[in-house]
Amino acid sequence: MALWRAERGIRLYSAAAVVYLLACTALALFTDVPLPRMDVSPGNGHLLTIPIPVFAVSLLLFAIAWSYLLMGAAYSRWPIHLAGLALFTIFFGLEVSGLVLAPLFLIGALGVLALIWIAGFTGRLRHRGHPGRLSARLFVAHVLLVLLLYAVAIAGSLSAGSLLLFSTTLAIQLQVLQFFTIPVLVMSGTDFTEWGEVSGDWIGQRVSSLAGERAWIPLVLAGLVAVAVLADVWRQYGSVLWPQLAFGSVLLVLVAGLALAGRVLHHARPVRVPVGAVVAASAGYLVIFLVVAVGAGAARVQEQDTVNGLSFTHYGHTQEPPFSIQQPSIWEARSLQSGSLKGVEFSGTPVGNPSRFDVVGLPSGTLGADPAGAYAAALSSGANLGPAAADGDWQLRELSSPTQWGLVWTRDEGGRTWVLAGVTKSSFRQLNEPTFRHMTQTWSPDPKAGAAATPARSNGDQINAAAALVWLVLAALLALGLWLRPRLRAGLAVTALFLALVGVFYLVAALGPVASMLGLPDRALGLRLTGLRLQGVQALAAVLTLAAVAWFAVRRRMAAGVPVALWLLAALVGLQVISWMFEVFNQKQAELGLLQVALISLALAWDIVMSGGSMVSGHGRWFPRHSRALLYFGFSMLVASSVLFFAAQRDQVTGGPAQSDFNTDFWPQSGLITLGIPMLLCFALLKLGRLRAKG
């Protein structure tokens with residue numbers, strides 16, 4: 001961020017915002033410290049608690065964030081200021097409405113709201129005479145007034161007999177606010193992508209400087225990294241990787257078409273995606289998804305056609321152990337090899353559902369007298385098994401641990417002991433339990449059983465398919481615009497290219513639902529159309545890297561191949577960082593934990609540091625430089641403090657993490673995949689254009 005070009009006030013408030021984000025991360029250390037706790041709000045039939053010191057500091061943090069937003073609105077045009085004050089009043093109306101049982105405090109809260117309006121317009125009038133100065137008095141006044149509003153609400157709640165009234169309304173206020181903060185969480189996925197891009201470039205530069213004239217070193221390193229990536233992906237997916245390479249080839253053809261349409265190789269444009277492009281992509285992702293979801297709801301898809309919004313397709317396993325089952329069409333199947341267990345794992349993790357369904361079939365007696373116990377022990381998760389109960393021909397036992405829940409079915413048939421087990425995070429039980437039961441009901445030891453059955457179509461599949469088609473139309477229009485306007489300004493050209501890449505990737509990732517929606521077969525050339533996943537993109541990049549290294553080695557053009565090898569190495573590193581970050585959000589042990597809060601806070605801080613140049617250097621009548629900086633910082637700070645508030649909550653009964661609707665693992669994961677991979681592809685195309693321009 002070009003702070004040295006900014007006014008003193010912006011430098012001060014920018015530094016304070018970064019300190020604020022780091023403070024949120026530090027406070028997360030105290031979420032599990034044995035401190036005095038207070039009740040916050042009811043959740044899932046249990047009261048939720050929060051450490052009293054964290055609760056008190058959170059109120060101060062909220063007041064500071066709201067002060068940033070109120071000041072930013074005051075320094076903009078009057079319609080923006082008026083709208084900002086109106087939104088603030090609506091949000092805090094939730095707090096005030098809880099005081100209807102205490103009329104005196106209700107009048108006091110309304111009076112404080114009126115004072116906030118008066119302070120805002122007074123500060124606005126004073127600012128007109130000093131347009132280059134940020135008023136510290138206005139900032140302090142807003143902080144104190146918001147804290148006073150909290151104090152009046154707390155006093156009114158206590159007068160009614162319990163602080164729970166205030167804490168509940170505060171939690172509801174933040175739950176409503178989450179819908180406005182979701183785009184920031186989606187954008188944080190692209191921040192992690194930038195981390196990967198920067199890391200890849202840095203590694204390439206270090207390798208190039210250390211290698212000197214020895215051109216073979218960068219090529220060998222790129223080849224070794226590609227082999228490691230390919231081996232890791234093969235370890236995860238095995239033979240299922242080949243369809244992913246096929247889907248990756250489809251993406252490669254479409255990306256090449258976009259590159260030709262945009263004449264990417266004919267222009268040495270900056271290797272940077274404008275901030276506005278990322279904002280437009282995250283907002284477009286949510287708007288298209290919501291519009292399509294509303295349309296699908298209006299179509300009244302029959303509930304009996306689906307199981308919790310999931311459609312199912314036939315899966316026949318002809319290898320050992322042979323069986324058939326209906327699996328969710330968007331889940332991935334992979335080989336299961338864990339200790340004595342051997343079978344197939346169906347995973348919802350790649351599509352943002354942290355769950356798995358295992359099918360294990362071994363010769364009778366292999367798993368001993370307690371097959372369910374042997375399976376639970378192989379999980380190494382400290383899980384406990386409940387008592388056995390009959391479920392048709394199966395013996396059913398419930399599996400539970402502090403963070404996981406599952407169902408384990410066992411039976412002997414055909415000389416084998418079969419174990420079918422569905423395991424998910426405890427907070428996802430309601431979503432996945434019907435899926436696990438449906439899969440068990442459709443299981444058969446005959447791999448061809450049910451192959452002719454027509455899979456049900458789901459509301460969720462239709463939403464993904466319709467959204468993919470909308471993105472396809474948008475990508476086609478943008479590609480046409482790039483082709484017709486070859487001399488489009490660099491920023492607009494890169495924005496159009498990035499958005500088109502988002503649309504293309506969304507389509508290839510949703511091939512299965514799209515084919516189902518259009519009435520096409522779910523198989524083509526012997527491949528089941530599921531869609532491209534991150535691992536498929538990694539495998540494709542690794543194969544291209546090995547091919548390029550081999551080409552330059554055979555042609556003995558090592559020196560000429562160094563820039564290409566470094567280009568491919570940066571792409572591999574970037575994709576690997578995306579993969580790691582996806583797994584970090586997947587494997588966290590708490591619904592909202594320290595690591596997650598730290599990652600989101602650091603992502604927001606990264607966004608301020610790396611993306612702030614365009615914000616500080618910009619200036620306009622509607623959003624002057626001071627206004628846009630304060631609004632941006634305030635919004636980021638409000639997101640961070642909201643995440644901290646929910647991270648500190650614990651279930652009063654179990655002591656475990658609260659099951660919050662503020663799902664700060666799914667949205668960054670969506671940003672990582674839906675926006676992050678296209679951003680990395682955009683970087684790669686722009687770099688390729690610069691390489692070609694340099695000969």
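## Terms and overall make-up

A helix here is a DSSP run of H or I with at least four residues, and helices are numbered from the N terminus. The model is predicted. Its chain holds 19 helices and 15 strands. Of its 695 residues, 53% count as buried.

Contacts reach across the sequence. Take the contacts in the chain with a separation of 6 or more: 74% of them join residues 24 or more positions apart. Two individual cases follow, one in H16 and one in H8.

## Val573 in helix H16

Val573 lies in helix H16, which spans residues 558-587. Its relative accessibility is 14%, under the 20% cut-off, so Val573 counts as buried.

Val573 and Ser199 stand 374 residues apart along the chain. Their C-alpha atoms are separated by 7.1 Å. Ser199 is also one of the contacts of Val573 once neighbours within four places in sequence are set aside. The others on that list are Gly196, Gly200 and Ile203.

## Leu245 in helix H8

Leu245 belongs to helix H8, residues 241-261. With a relative accessible area of 14%, Leu245 is buried.

Its distant partner is Leu540, 295 residues away in sequence. From C-alpha to C-alpha, Leu245 and Leu540 are 5.9 Å apart. Leu245 is in contact with Leu540, and also with Ala539 and Val543, leaving aside neighbours within four places in sequence.

## The H2–H3 pair

Helix H2 covers residues 52-74 and helix H3 covers residues 78-97. They pack at an angle of about 150°, with axes 7 Å apart. Angles over 145 degrees count as roughly antiparallel, and H2 and H3 are therefore roughly antiparallel to each other.

On the H2 side, the contact is made by Trp66, Leu70, Ala73 and Ala74. On the H3 side, they meet Ile80, His81, Leu85, Phe88, Phe91 and Phe92. By class, this contact has nine nonpolar residues, one polar residue and no charged residues.

## Nonpolar cores

The largest nonpolar core has 90 residues. Leu251, Val273, Leu497, Phe498 and Cys682 have the most contacts inside it. Helix H13, residues 490-509, gives this core its largest share, 14 residues.

Val273 shows how such contacts are spread along the sequence. Not counting residues up to four places away, Val273 touches Val278, Val494, Phe498, Met679, Cys682 and Phe683. A second core, separate from the largest, has 61 residues. Among its members are Leu69, Phe91, Phe139 and Ala153. Phe91 is also one of the H3 residues that meet H2.

## Cysteines

How many disulfides does the structure hold? Zero. Cys24 has 0% relative accessibility and therefore counts as buried. Cys682 counts as buried because its relative accessibility is 0%. Cys682 is also in contact with Val273.

## Helix H10 and its cover

Helix H10 runs over residues 371-379. Which of its residues are buried? They are Pro371, Ala372, Gly373, Tyr375 and Ala376.

Strands are part of what covers these buried residues. The cover includes S6 (341-347) and S7 (355-363). It also includes S8 (384-385), S10 (394-400), S11 (404-413) and S12 (416-425).

Methods: Residues numbered from 1 in each chain as written. Predicted model: local features only at pLDDT ≥ 70, side-chain atom pairs only at ≥ 80, totals over all residues. Heavy atoms only, no water. Axes fitted to C-alpha atoms, helices over the stretch in contact; angles between N-to-C directions. Helix = DSSP H or I, 4+ residues; strand = E, 2+ residues; numbered from the N terminus. Parallel < 35°, antiparallel > 145°, perpendicular 65-115°, else oblique. Contact = heavy atoms within 4.5 Å. Nonpolar A, V, L, I, M, F, W, Y, C, P; charged D, E, K, R; others polar. Buried < 20%, exposed > 50% of the residue type's maximum accessible area, 1.4 Å probe, protein only. Core = buried A, V, L, I, M, F, W, Y, C linked by side-chain atoms within 4.5 Å. Disulfide = S-S within 2.5 Å.
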